[in-house]
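Biologist: I should like to learn how to read a structure of this kind. Would you kindly take me through it?

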Amino acid sequence: MKTAYRAAELADFLELELRGCPDTPISGLATLEDAGASDISFVANPRYLALLKDSGAGAVILSAEHADRFPRVCLVSHNPYLSYAKLTQWFVTAPQPAREIHSSAVISSDAVVASDCYIGPCAVIGAGVSIGSGCYIGANSTIGERSSLGSGCRIESNVTIYHDVAMGCQVTVHGGSVIGADGFGFAPDGDGGWQKIHQIGGVKIGDRVEIGACSTIDRGAIGDTVIGSGVILDNHVQIAHNVRLGDNVAMAAYAAIAGSSVIGDNCVLAGDAAVYGHLQLADRVQVTARSTVTKSITESGSYSNAALPLMKSGRWRRNAVGFAQLATLASRLDALDKRTRSSDD
Amino acid sequence: MKTAYRAAELADFLELELRGCPDTPISGLATLEDAGASDISFVANPRYLALLKDSGAGAVILSAEHADRFPRVCLVSHNPYLSYAKLTQWFVTAPQPAREIHSSAVISSDAVVASDCYIGPCAVIGAGVSIGSGCYIGANSTIGERSSLGSGCRIESNVTIYHDVAMGCQVTVHGGSVIGADGFGFAPDGDGGWQKIHQIGGVKIGDRVEIGACSTIDRGAIGDTVIGSGVILDNHVQIAHNVRLGDNVAMAAYAAIAGSSVIGDNCVLAGDAAVYGHLQLADRVQVTARSTVTKSITESGSYSNAALPLMKSGRWRRNAVGFAQLATLASRLDALDKRTRSSDD
Amino acid sequence: MKTAYRAAELADFLELELRGCPDTPISGLATLEDAGASDISFVANPRYLALLKDSGAGAVILSAEHADRFPRVCLVSHNPYLSYAKLTQWFVTAPQPAREIHSSAVISSDAVVASDCYIGPCAVIGAGVSIGSGCYIGANSTIGERSSLGSGCRIESNVTIYHDVAMGCQVTVHGGSVIGADGFGFAPDGDGGWQKIHQIGGVKIGDRVEIGACSTIDRGAIGDTVIGSGVILDNHVQIAHNVRLGDNVAMAAYAAIAGSSVIGDNCVLAGDAAVYGHLQLADRVQVTARSTVTKSITESGSYSNAALPLMKSGRWRRNAVGFAQLATLASRLDALDKRTRSSDD
């Protein structure tokens, strides 16, 4: 059985004006196309307005200028997308198990775990670990010695958290991610081989951070790798040793920061964007998809060096060959320019 | 001890003409170079024909035109590579354990598991899960609430399957992969921060799908992420929320599809190829390695925007500098063209 | 309580000349900025020399020419970075648990495990596995049938090692990595679908290999994938089936080798560098970040085809458009050159 809310409850929570019947029962959240009479939907992008007319939704979040286009309950918002985002917490499908420590979990006698946590099957909690109130630790995840989690963290399944990782509150880590593995530190041994540099720093993570699946944050070589508060990381992200991410940094899938770089607040790295090591990025820098930051950036704005025009592969190959002549092309043009000018004389 | 088959048994299975002694015992499958008298090998590529003469193989799968070049058993095929592919199932080395539920597995009393499944040590099966006949669930893997697997699925070790993931039959998932983690959905909160959009959709996967290691398929934001039947995904692949992959799509390592894009049947994405979000690809589109699809493609064919000519790094740097003048190069050429024409007059 | 060493002990271990008080107690290793009186630090890069004067360190590893700039203990080295690297092993923070097989570990009665190993909680060791002296197997890791580890290996948590993987001594594998999953082998079935090629080879790994987190090394299709000794791999690395890596190869994050390629000794692939399949690289080839090797390389040296100049996104787009005219640009220049020459006549 699904719980139904009164439309007015949702409007109150979102602090939105309601037009229509406040008692309409709402038990789900769906797209305009899929929504039925007991679902709420939203219009965040004008190009979906056309769907409004035929939608079967019982209620819709939309902006004032469009409210007259929908005949049933309207929740009028200045920012329908943000209102929708906030509302999703009412319809969470992820398991929210009761406080319980599963009998198969292995918890060091030396760990401190708040009494209202959920610790899943076969989770392993090391010595000296501290876990705050209301945390969820998924099945088969491991938390290494002396690491700490603030309150309200959610660690999904098969997550690996090494030793000496300090997390703030409300940090989420999705399945398969690894936090605190050794940074990639080796010195040439002068004989063709590599001397391991043991990574003796840790990792510090702020509050309200979300880390996707199969992502990695390496521990510091000396001193810590630091992730600011409000940071959001997608899947397959890589944060190398001693990186420092400012607050609210967003990194889409495969985005990566090489060792010791410092990223300002509110920077956004699109998918597969990368930053070389030992650089500094100012606040509010955006890096477009697949671009590579090869030098420090002191001014906020959007930067690129990737995404050439997509074309049929045969045409691409002809243009790509031309690339190898770019340096000579410019100098040939210079020479031709000069010659024709002199012949004009 | 290895099991030996009669060469004729293999020919019958593959429905191929056999030339030579049908009773030749075959106990292994090897390359032409490594094969011994009790091994079968194959020639799929003419450039390896030269190895045929000196091969010690007891039998070889090859095409009719080359059958006279090998003195022992020949299995004559129109498509030796496909015949070899089919034959590999006779020589599988992966463990095929007996039906068993390991005593350390943790299975919800509310899950339904077919009686002939193998459930490995410390595997965790949530409430409401349904697992069909003949499935293999590897050690330390987890399957979340209400997820379902059809018959004959093979989930390797340390795999994370979240809640509400519906798989068809004969789906294989390799180690470390994560299916159903939250999509990367956040709304700007107007104050520099990010409002989490809880991802309330699920994942639907067809039949005969293979998913490599450390790959991720995110759950839908609203509605499902959908993977067609016969899809093959390599390692480190990323499928974002609400993507729809058609049947028989192939994606090599690191290939990625951003949110809500729809990929037609029989598309092939080479390694590290990517598709932006909210796009549509027609059936039978090929994207070459590392290329990025930035707009919808309505016509089948091969598309590229990556793989510039490889060169010594010094020469590369000179050409790369030229790239920054590309826009001016074209306009300079225009101007020069115009000027010299007018001076001709 | 931290253990303190006499500065002279460290100098003896590193075989370095000590200047200053040999009895200075040293209990930690820190950067010049963070070091206190009981810490040792180092100067490997001249640009940090300025920090030497104000550093609170009790001892510093530096080169002879700079030793007069530091008033307390100096350890004089020809290669301070290498000396620092060697010293890190005195200050390891990673847990080094006593020999123990945790009661929740699941070990086949048919496996052979040296008596001085640590096997963590919920680790799963298959039939026919052999584990050498002094190995560490982290929590929730699995080792498949017939695989073998030499002495002194360290397998962190949530690692998946499939069957028939043979590792040498002192191999480290970080969390979430997967070794021996199936290579991406499928034959077109002639009907739009894919015929699975069961991967019946294994993986062979040399001595002193380090493998980062969330990396994958696939098993061979027929015959083995082979990793040389002294190889170092960062996170998110992909090694496809039947690849052969020479000794001391280094691959940074996301670097990848496609199937059957052979990489010479001492090659270095920077972050996200890739090598196509069926190629050969000579010894001592360097591939710069994000470059793609599309043909075999017979001569050592540094190669590139990535990292165009970074610029503001608007300017990038104008130059990128020019790229699509590259092929015609060159021919237009040719024509113009010819025309103006003829008009000169």
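Modeller: We shall discuss chain B, its sheet and its two neighbouring chains. Please bear in mind that this is a predicted model.

Biologist: Let us begin with the sheet. Which strands form the open sheet in chain B, and in what order?

Modeller: Strands of a sheet pair through backbone hydrogen bonds, either parallel or antiparallel. Here, five strands of chain B form an open sheet in the order β2-β7-β6-β5-β4, and the pairing is mixed.

Biologist: Why is one side of β2 and of β4 of chain B left without a neighbour in the sheet?

Modeller: β2 (17-19) and β4 (28-29) of chain B stand at the edges and have a single partner strand each, so one side of each lacks a neighbour in the sheet.

Biologist: How do β6 and β7 of chain B run, parallel or antiparallel?

Modeller: Strand β6 (residues 59-62) and strand β7 (residues 73-76) of chain B run parallel and are joined by four bridges. As an example, V60(B) has C74(B) in β7(B) as its bridge partner.

Biologist: Which strands does helix α1 of chain B lie across?

Modeller: Helix α1 (residues 7-14) of chain B lies across β2, β5 (39-42), β6 and β7 of chain B, and runs at about 5° to β7(B). Helix α2(B) also packs on the sheet, where it touches β4, β5, β6 and β7 of chain B. The direction of α2(B) makes about 130° with that of β6(B).

Biologist: Now to the neighbouring chains. How many residues of chain B are in contact with chain C?

Modeller: One counts the residues on each side: 67 of chain B are in contact with 63 of chain C. On the chain B side, α2 (80-87), β40 (311-312), α3 (313-323) and α4 (326-344) each supply at least two residues. The largest share, nine residues, comes from α4(B). By class, this side of chain B divides into 36 nonpolar, 21 polar and ten charged residues.

Biologist: Which strand of chain C is joined to β40(B)?

Modeller: Strand β39 (residues 301-304) of chain C is joined to β40(B) by two bridges, and the two run antiparallel. Within this pairing, K312(B) stands opposite Y303(C).

Biologist: What of the side of chain B that touches chain A?

Modeller: There, 63 residues of chain B are in contact with 67 residues of chain A. The largest share on the chain B side, six residues, again comes from α4(B). That side has 26 nonpolar, 29 polar and eight charged residues. Strand β40 (residues 311-312) of chain A pairs with β39(B) in the antiparallel sense over two bridges, and K312(A) stands opposite Y303(B).

Definitions and conventions: Residues numbered from 1 in each chain as written. Chains lettered and ligands numbered in written order. Predicted model: local features only at pLDDT ≥ 70, side-chain atom pairs only at ≥ 80, totals over all residues. Contact = placed C-beta atoms within 7 Å. Nonpolar A, V, L, I, M, F, W, Y, C, P; charged D, E, K, R; others polar. Pairing = 2+ DSSP bridges. Axes fitted to C-alpha atoms, helices over the stretch in contact; angles between N-to-C directions.
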